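Please open the model in your viewer and keep the selection panel at hand. The tour goes from one enclosed space to the next, and then to the places where helices pack against each other.

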Amino acid sequence: MTSAPERTAGKGLAAGTLGLWGSTVIGLASTAPVYSLVATLGFVVLAVGASAPIAFILAFIPMLFIAFAYRELNNEVPDCGTTFTWGTKAFGPWVGWMGGWGVAVAGMVVLANLAQIAGIYLWTLIGDGSLAENVPLVTATGVAFIAAMTYVSYRGVEIGERLQNILLAVQYLVLVLFVVVALWKFFDGTAPNPTPFDLAWFNPLGFTDWSGFTEAVLLALFIYWGWDTCLALNEETKDPKRIPGRAALLTTVILLGTYVSVTVAAMMYAGVGEDGVGLGNVDNADDVFLALKDGLFGPFGWILIVAVLISAVSSTQTTILPTARGTLAMAAYKALPRRFSTVHPRFQTPSFSTLVMGIVASVYYVGMTLISDNILQDSILSLGLAIAFYYAITGYACVWYYRRDLFTSGRNLVYRGILPLLGALMLTYAFVQSAIDMYDPEYGYTVLFGIGGTFVVGIGALALGVVLMIVWYLVPTSKPFFRGESLNRDTEVLVPDEPITYPRSVDGGI
């Protein structure tokens, strides 16, 4: 096996490890397509009924626009700090630090959720159902999964990419089987509630309830989240300025096709009714695949359980990657203690940051489980706030960073100005609307201080970032960052010098 090249400059990460295929695989795995559908499809149908397909399409639009912002910023600043680095260069240290915190919060919360899902589905697969309800057993299993995936991430991006190829292949094989079997049963008349395809499902003006529409789009935003992992690995790709941006765009387009096709097939098979296996049945909302698996696959229904388990485990590993690299970058520019910038001399991974991410996620998961599983669930519901927060910062950063170049060409105006700004505005609205909805005591599973627990947890997590930022500001070693000396618009970012000779990457560099 050809070793990765020596870095001529940078943070010490393994350059030239990923090509377009490997970056796209990791981006797709980060979104956990099977689990995302399981967690979201039923609730979207409850919100908008047969308009679910167009809801997924509309939610794709701001994701695509922000993906353009990521691509454009990465072309000039291919730094693994992504939102942190770009936000700092555009708006200064305070905004940049909070952007990096948003990435960290989203990663920590979703890791706890993924660990819980992995534990539940493993014991559902093995036992009779009672094991999956054993909270200590599920929690211990979830922590074990976090530990295992932390180890994989610690050992290097190459081994992680090889693992993700296998895990993602299984996920998509099951999704293809789902679509094929569902449509087969529709056409041969054995579907429980055959519902003919209707173009009205794709009518953007077909929503009858505005609150239902906004709820559905906000829910759908979650299932696209994760594609930006491609950009966090930019320093480890064969062509840091070109491949990550292309991989991000390719990932979002593949996800759109995946989610819409599965949704249409499920609707044609089960309908959107409120009884039985109907997608509008409240009892099935938190996991429509469990409700459909026996009718679709009979004695082989367990393959859907395996797919969800694999999806959660896969995303656990890929979620650790961008967060660890984000804190690595923050430390490299003196926005965090220097220890976070430690890179393993052999594996060329952010060793300390990776271990801290795994430990913090495990402690958070166990702590929330001990305090209240309802609060854990509310923290998961609040995830959209952190996602919309740092994605919006990236969109605005793109516009401001390139503000002097916007009118030099039509291309720059569209891809560096109009589209990122529209995406950022949409996500700002999503953030505000979500916060308003979450403030309602009826929202979510808990009530804290007389208001929705989801709001308290979501806004509180971001507010905690402000506190930690101020604490770090008071530490003398942070002064170069907050004075704009270690990172500003003109700073040469810590990435490899160009040109660099790359070996053949693990996916052939395609």
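By class, the second largest cavity is lined by six nonpolar, six polar and no charged residues, where Ala, Val, Leu, Ile, Met, Phe, Trp, Tyr, Cys and Pro count as nonpolar, Asp, Glu, Lys and Arg as charged, and the others, Gly among them, as polar. To see this lining, select Cys-80, Gly-81, Thr-82, Phe-84, Gly-100, Val-103, Ala-104, Pro-322, Thr-323, Gly-326, Thr-327 and Met-330. The space in this second largest cavity comes to about 70 Å³, a volume being the space filled by probe spheres set on grid points that are joined across faces, edges and corners. On a 1 Å grid over the protein atoms alone, a cavity is a set of points where a 1.4 Å probe fits but cannot get out, whereas a pocket is an open set with protein on both sides within 12 Å along at least five of seven lines, and lining residues have an atom within 4 Å of a point. Helices α5 and α12 each supply at least two residues of the lining of the second largest cavity, and α12 gives the most, with five residues. Helices here are DSSP runs (H or I, at least four residues), as strands are (E, at least two), numbered from the N terminus.

The model is predicted, and local features need pLDDT of at least 70 while side-chain atom pairs count only at pLDDT 80 or more, although totals for chains, interfaces and linings use all residues. Residues are numbered from 1 along each chain as its sequence is written, and side-chain values use heavy atoms, with hydrogens and water left out.

Next, stay with the cavities, of which a search of the whole structure finds four of 30 Å³ or more. For the largest cavity, which holds about 160 Å³ of space, select Ser-30, Val-110, Trp-225, Gly-226 and Thr-319, the residues nearest its centre among the 20 that line it. At least two lining residues of the largest cavity come from each of α1 (20–31), α2, α5 and α12, and α12 has the largest share, five residues. By class, the lining of the largest cavity divides into nine nonpolar, ten polar and one charged.

Now turn to the pockets. The largest pocket has a volume of about 1,200 Å³, and of the 34 residues that line it, Ala-39, Phe-43, Gln-377, Leu-381 and Tyr-445 are the closest to its centre. To colour the walls of the largest pocket by element, choose α2 (33–48), α5 (93–126), α8 (210–224), α14 (373–381), α15 (383–401) and α16 (410–439), the elements that give two or more residues to the lining. That lining has 22 nonpolar, seven polar and five charged residues.

The second largest pocket contains about 660 Å³ of space, and Trp-101, Ala-104, Met-108, Val-360 and Leu-468 are the closest to its centre of the 34 residues that line it. The elements giving two or more residues to the lining of this second largest pocket are α5, α12 (302–332), α13 (351–371), α15 and α17 (453–473), and α17 gives the most, with nine residues. Which classes of residue line the second largest pocket? There are 26 nonpolar, eight polar and no charged residues in its lining.

For the first helix pair, show α2 and α12, which pack at an angle of about 110 degrees with their axes 7 Å apart; the axes are lines fitted to C-alpha atoms, for helices over the stretch in contact, and angles run from 0 to 180 degrees between N-to-C directions. That angle makes α2 roughly perpendicular to α12, since 65 to 115 degrees counts as roughly perpendicular, under 35 as roughly parallel, over 145 as roughly antiparallel and the rest as oblique. Their contact (heavy atoms within 4.5 Å) is made by Pro-33, Val-34, Tyr-35 and Val-38 of α2 and Ala-307, Val-308 and Ser-311 of α12.

Finally, show α8 and α16, which pack at an angle of about 115 degrees, with their axes 11 Å apart, and are therefore roughly perpendicular to each other. Select Trp-210, Thr-214, Leu-218 and Leu-221 of α8 together with Leu-427, Tyr-429, Ala-430, Gln-433, Ser-434 and Asp-437 of α16 to display the residues that make the contact. By class, the contact of α8 with α16 has six nonpolar, three polar and one charged residues.
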